Amino acid sequence: MKSAVILLPGLNRDRDMIAALTKISGKPPVTVWQTDTEIPDVDLVVIPGGFSYGDYLRCGAIGARMPVMDAIRRKAESGVRVMGVCNGFQILLEAGLLPGALMRNASLKFVCKEVKLEVVNADTTFSRAYAQGQVIRCPVAHHDGNYFADAETLARMNGNGQVVFRYAEGTNPNGSIEDIAGIVNEAGNVLGMMPHPENLIEPAHGGSDGRGIFESALDLLGKAAA
Amino acid sequence: MIKARVTVTLKNGVLDPQGKAIEGALHALDFSDVAKVRQGKVFDLELDTADRAKAETELKAMCEKLLANTVIEDFAVEVE
C-alpha cells in the first residue's frame, strides 16, 4: 500500500513518521507540502506530530486552514485512510474531520514519557493488529493533549465504538476526558491519536508495540514484515 | 476603517487549568476575594471598510472559521 506524509512548517516528527512508514511498508511515503492542492493516489495519508505554526492561536488551528486540508478532506470522504498523530490529531480536530478538541494538559506541563494504552476497540482499520482490551506501551510528548468533547458527543462516540485507545488506568498524562487517547471518525477511516506509535516500532526503540497500528492501516497483517 | 475587538472565552463547563493556576497565583498574592478566574483571548482588528453591517457579518464568520474553536470556546464581537 502507498502512503503520503503531509508536511507543514513547524512539524518535527515528520522524519520519524517517514522512517516508520518506510521500514514497515518497504517503500518510502510520498511527501505533500501544505500548499499542494492535490494528494497523489495513496491508501494512507498521515499528518505527523510537531508544532505547526508554533502552536499559534490554538494547536493545529493554522495548519488546519492550509490548502492541503481540502485535499485531505476529499481523500477522507472518498474512503482513503487518514491518520493524525499528536499535532496531526490536533489538526484533524481543528479541521472538523474528527469530533472534539484538545486543550492544554491539566498539569499545565509538557509531558514526554511512556504511557500505556488500552485498545478499547480492536475492530477498526487502525487497531486490527491488537486484541480487544490489550494494553500496549506507547510514548507521548505534548503540551496540549487534554481531549475534550461534550457529553452528547462522547455518548455518540462511545455508542459507535469511535474511541479506539484509552490511557490505561493510572497513566492518563494530560487530563483527557474519559482517558481518551485516540479516536476514529464515524466512517472509521480517519484516526487521530496523541501518542506516538512511530517511535516504538523496532528493537532499537526498546519495543515494537506501535507497529500494529501501521500494519493494520497498511493491510500488512499476516504478511511478512517488510 | 472600522476597529473591532473580538473576545474569545472558554465555554461554561469546559475545564480551564490555566485559569485555575492564575486563580491560585492571585490567592498566593493575598487577593483573597478572588473566587474564580477564567482565561480568554482578545483580538483587536482593523477592517478596511466603512460598511458596519458587512464588518459585523465578516467578523462573525472569522470567529466561526478561525478565531474561536466553537467546540470549546464562545466569542463576542464589539465594533467601535
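Is A:Arg104 buried, exposed or partly exposed, and what is its relative accessible area? In this predicted model, A:Arg104 has a relative accessible area of 24%. Because buried means under 20% and exposed means over 50%, A:Arg104 is classed as partly exposed.

The residue lies in the loop that links β5 (101-103) to β6 (111-119) of chain A. Leaving aside residues up to four places away in sequence, A:Arg104 touches A:His143, A:Asp144 and A:Asn146 in its own chain, and B:Pro17 and B:Gln18 in chain B. Two of these neighbours are reached by polar atoms of the A:Arg104 side chain. The backbone oxygen of A:His143 is reached at 3.5 Å, and the side chain of A:Asp144 is in polar contact with that of A:Arg104 at 3.1 Å. A:Asn174, 70 residues away from A:Arg104 in sequence, has its C-alpha 7.9 Å from the C-alpha of A:Arg104.

The contacts of A:Arg104 with B:Pro17 and B:Gln18 lead to the interface between the two chains. Here 13 residues of chain A are in contact with 17 residues of chain B. The area buried between the chains is about 1,200 Å², and carbon and sulfur atoms give 68% of this area. Five residue pairs are in polar contact across the interface, both residues of each pair being at pLDDT 80 or more. The count of salt bridges between the chains is one. This salt bridge is formed by B:Glu73 and A:Arg58, with 3.7 Å between the closest N and O atoms. On the side of chain B that touches chain A, at least two residues are supplied by each of α1 (17-28), β2 (40-47) and α2 (52-67) of chain B. By class, that side of chain B has 11 nonpolar residues, three polar residues and three charged residues.

Within chain A, strand β3 (residues 44-47) is covered on both faces. A:Leu44 and A:Val46 are buried on one side, and A:Val45 and A:Ile47 are buried on the other. In a regular strand, side chains alternate between the two faces of the sheet. Strand β3 of chain A pairs with two other strands of the chain, β1 and β4. With β1 (residues 3-7) the pairing is parallel and runs over three bridges, and A:Ser3 stands opposite A:Leu44 of β3. With β4 (residues 81-85) the pairing is likewise parallel, over four bridges. In that pairing, A:Ile47 stands opposite A:Gly84 of β4.

Conventions
Residues numbered from 1 in each chain as written. Chains lettered and ligands numbered in written order. Heavy atoms only, no water. Contact = heavy atoms within 4.5 Å. Buried area = accessible area lost by both parts, 1.4 Å probe. Salt bridge = Lys/Arg side-chain N within 4 Å of Asp/Glu carboxyl O. Polar contact = N/O pair within 3.5 Å; in protein donor to acceptor, adjacent residues only side chain to side chain. Nonpolar A, V, L, I, M, F, W, Y, C, P; charged D, E, K, R; others polar. Buried < 20%, exposed > 50% of the residue type's maximum accessible area, 1.4 Å probe, protein only. Pairing = 2+ DSSP bridges.
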